[in-house]
Amino acid sequence: MFRHFIRLQWKSFFRAASFKTNLAFRILMIFGVLYFVAVFLALGVGSFYLIRDAGVSDPLQWVNRYMIYYLAGDLYMRYMLQRMPVMNIRPMLYLPFKKNEIVYFSLAKTATSFFNWAHAFFFLPFTIVLWKEGYSFEGLIGWHLGIMALFYCNNFINILINNKDKLFYSLLGLLAITGLSQYYGWFDLTRYSFEVFNMFYTLPVTAIASWLVLVIVIWNAARYFKNRMYLDGGLQIKREIAKTEDFEWLNRLGNLGSFLKNDIKLIKRNKRSRTTVIMSGLFLFYGLVFFPGGIDSYEHPAWNIFAGIFVSGGFLFSFGQFVPSWDSAYYPLIMSQNIRYREYIMSKWYLVIFATALSAVLALFYLYFGWEAYLAVLVGAIYNMGVNSHLVLWGGAYIKTPIHLTSNRNVLGDKQAFNVKTLLLILPKILLPMLIYGLGHYWISPVAGYAFVAFAGLLGFAFKNSVFRKIESIYKKEKYKTLKAYQQKN
Amino acid sequence: MIQANSLSKRYGEKTVLNIESLEIPKGESFGLVGNNGAGKTTFFSLILDLIQPSSGRIFNNGIQVNKSEAWKPITSAFIDESFLIGYLTPEEYFYFIGELRGLNKADVEAMLSGFEDFFNQEVLGQKKYLRDLSKGNQKKVGIVAALIGQPGVIILDEPFANLDPTTQIRLKKIIRVLMENRERTVLVSSHDLIHVTEVCERIVVLEKGEIVRDIKTSNETLKELELFFAG
């Protein structure tokens, strides 16, 4: 039976859409993975000496002291990121497999997850270094295996508490309290947990206990999993309770209002677009890298404009870049309904403008770094609204990657999103304002530089109509290609 | 109303549609039948200018569909779920379509009240987004949305599929009522020969992209079709 499962897994891995990227991209990814492996290995090997050089006489004891927080952090990461092996089970249910087989295979599959073996990059070299440094061999074996079992416990505990937000957050709260009370010296949890972890080393036999715990947790997870293996139980897809919303105040805008209403709902109700908004919120803090003067290579004044553009342009770049792909799921409707492209694009444009203005207001905290820092943000916002808003929509017209609104796949970018045309359009978006600023800065004064960029932004508004006409004609020209591209589900 | 002249669609070597001439007059209920891959959806997609013909032209109300967009206000369609906006509730979707067709909320509500039977209390006020409705209920929404705003041409691809028997019967009634004043042209495709023969006054059979039968519906039509498809 397991043979079938493994063959299916094999196929699902190699036939996954993300796997079918081009060779160059894959090589790049492999290098990325190797890089992280190297970093972790270096950390594992180096940490012993790092800790010892910091004045700790026994690094193993030091690690044991904080192990409880490491484990808690691991559980937190798993809860947030590790996916449950739920969806692939559905087609198996009515095939002649025994439920136990499905359950144990799914559980075994989670055991191979990256979240488990990633720790090996730290623990293996660390243990080997400890051995080299004269720690007892039996003790280290006991310690290593004991800790390993605890990480696997986390793996299965995560299955048990999955989607139980209340339980999870109360655990998290408890941990925060113990952390605080340790800090203030009221109660030190690590004193007790330390004894446990240290015992694996001093008394290697005790490691068996942690494996026993693991067996109990697995057994519980399997039972829990099996009891919920019904379509209306654990296999149910979570549904949101829908609420009809009107946004009556948008009615006065006519057709434009109808589109705006839809766009607001699109952003509110879909996972992918919500993630985009959250990410663009993070852009707000991008300037912190620049303005406190933290990084020397960013000293050049033109970089302030670079930062200003990004601080206010988070939404502009991450949302605007993918117009019209946001509507890819129902593009045939948009193309056959009584819709004028102009109104359709205009609504997206207003959204982008509004979000940029809002970002500029939220970025008021940059005043803390002096009025010049905020001026850079403000000027960046004006340039974003006047020039970049148009350019981003223009570039988007060439992107034909369907967006799956309900999943976060490819949220960090997609290779198809980078074609030559969109790359060329990045130049005027970012480099041009930096050049304009430099011109003013060196020719007259820094303030003149800012004034120049702001003026360029205002000038951009004048070209709105002609740019929109251009975008409209691209939409029409590329209509059939776009429709076809959006049809491809993967 | 709809006119196709030497229309063809090829993908590489394969010709998926080849219609020498087809005219659908105003006020006709037109049925399209054929096995999978016969070219039904291709034909509808061509009328809606969602794909480009390899040769030939299609006119809708005298407007060549890939040259001007003036046919859009008078035409509506429901082909598949890509005509639904998944993250809207059914109500919001109807209002949206209504707004595009110049109807306000009250107009749309008045129109929807006539479809209470058809919805069978499974569509409106369900606190569900369209993406979470069952296939059958999604279809109901798509069909009713295609009727909003009194369009002159209504194109429904496989409207009977996925509907429960009661709803199928109600849909047939709705189509008959639509045809009453001879103001509208309705194009329907179906795999169900009984349904098409009941609601359509003219039935065209497609096979591998070619028109092989063009029948004015009579009492013998169903038998004739069954004989044809029996091979």
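**Notebook: burial, rings and salt bridges in chains A and B**

I started at Phe115(B), which counts as buried because its relative accessibility is 11%. I note here that the model is predicted. Next I looked up Phe118(B), and this residue is buried too, at 2% relative accessibility.

**Entry: ring pairs**

How do the rings of Phe115(B) and Phe118(B) lie to each other? I find 6.5 Å between their centres and 70 degrees between their planes. Over 60 degrees counts as edge-to-face, so the pair is edge-to-face.

I then searched the whole structure and got 44 aromatic pairs over all chains. One of them joins Tyr366(A) and Phe369(A), with 6.2 Å from centre to centre. Their planes are 45 degrees apart, and I logged the pair as tilted. Is Tyr366(A) buried or exposed? Tyr366(A) is buried, at 0% relative accessibility. Its partner Phe369(A) is partly exposed, at 30%.

I also noted an aromatic cluster in chain A. Its members are Tyr70(A), Phe122(A), Phe123(A), Phe126(A), Trp143(A) and Phe151(A).

**Entry: chain A overall**

I counted elements in chain A and got 20 helices and zero strands. Chain A has 490 residues, and 46% of them are buried. I then took the contacts in chain A with a separation of 6 or more. Of these, 81% join residues 24 or more positions apart.

**Entry: the A/B interface**

I turned to where the chains meet. On chain A, 37 residues are in contact with 32 residues of chain B. The buried area between the two chains is about 3200 Å². Carbon and sulfur atoms give 52% of that area.

How many salt bridges cross the interface of chain A and chain B? I find five. I also find 13 residue pairs in polar contact across this interface.

Which elements give two or more residues to the side of chain A that touches chain B? They are α11 (255-269), α14 (331-336) and α20 (479-487) of chain A. The most comes from α11(A), with eight residues. I sorted that side of chain A by class and got 15 nonpolar, 10 polar and 12 charged residues.

I checked two of the bridges between the chains. Glu99(B) and Lys261(A) meet at 3.0 Å, N to O. Here Glu99(B) sits in helix α2 (residues 90-100) of chain B, and Lys261(A) sits in helix α11 of chain A. Lys261(A) has a relative accessible area of 8%, so I list this lysine as buried. The other bridge runs from Glu69(B) to Lys476(A), with the closest N and O atoms 3.9 Å apart.

**Entry: salt bridges within the chains**

Over all chains I count 18 salt bridges. In chain A, Arg52(A) pairs with Glu133(A), the closest N and O atoms being 3.3 Å apart. This pair links distant parts of the chain, 81 residues apart. Arg52(A) is in helix α2 (residues 23-53), while Glu133(A) is in the loop between α6 (120-132) and α7 (137-161). Both ends are partly exposed: Arg52(A) at 36%, Glu133(A) at 32%.

In chain B, I looked at Arg182(B) and Glu201(B), whose side chains form a salt bridge at 3.0 Å, N to O. Arg182(B) lies in the loop between α6 (165-179) and β8 (185-190) of chain B. Glu201(B) lies in the loop between α7 (193-199) and β9 (202-207), and the two residues are 19 apart. I get partly exposed for Arg182(B), at 45%, and for Glu201(B), at 26%.

Last, I logged a salt-bridge network in chain A that links Asp263(A), Asp327(A) and Lys348(A).

Conventions: Residues are numbered from 1 along each chain as its sequence is written. Chains are lettered from A and ligands numbered from 1 in the order in which they are written. This is a predicted model: local features need pLDDT of at least 70, side-chain atom pairs count only at pLDDT 80 or more; totals for chains, interfaces and linings use all residues. Side-chain values use heavy atoms; hydrogens and water are left out. Contact means heavy atoms within 4.5 Å. Buried area is the accessible area (1.4 Å probe) that two parts lose on being put together, summed over both. A salt bridge is a side-chain nitrogen of Lys or Arg within 4 Å of a carboxyl oxygen of Asp or Glu. A polar contact is a pair of N or O atoms within 3.5 Å; within protein, one must be able to donate a hydrogen and the other to accept it, and residues adjacent in sequence count only if both atoms are side-chain atoms. Helices (H or I, at least four residues) and strands (E, at least two) are DSSP runs, numbered from the N terminus. Ala, Val, Leu, Ile, Met, Phe, Trp, Tyr, Cys and Pro count as nonpolar, Asp, Glu, Lys and Arg as charged, and the others, Gly among them, as polar. Rings of Phe, Tyr and Trp (its six-membered ring) pair if their centres lie within 6.5 Å; planes under 30 degrees apart count as stacked, over 60 as edge-to-face and the rest as tilted. Buried means under 20% relative accessible area, exposed over 50%, partly exposed in between (1.4 Å probe, protein chains only).
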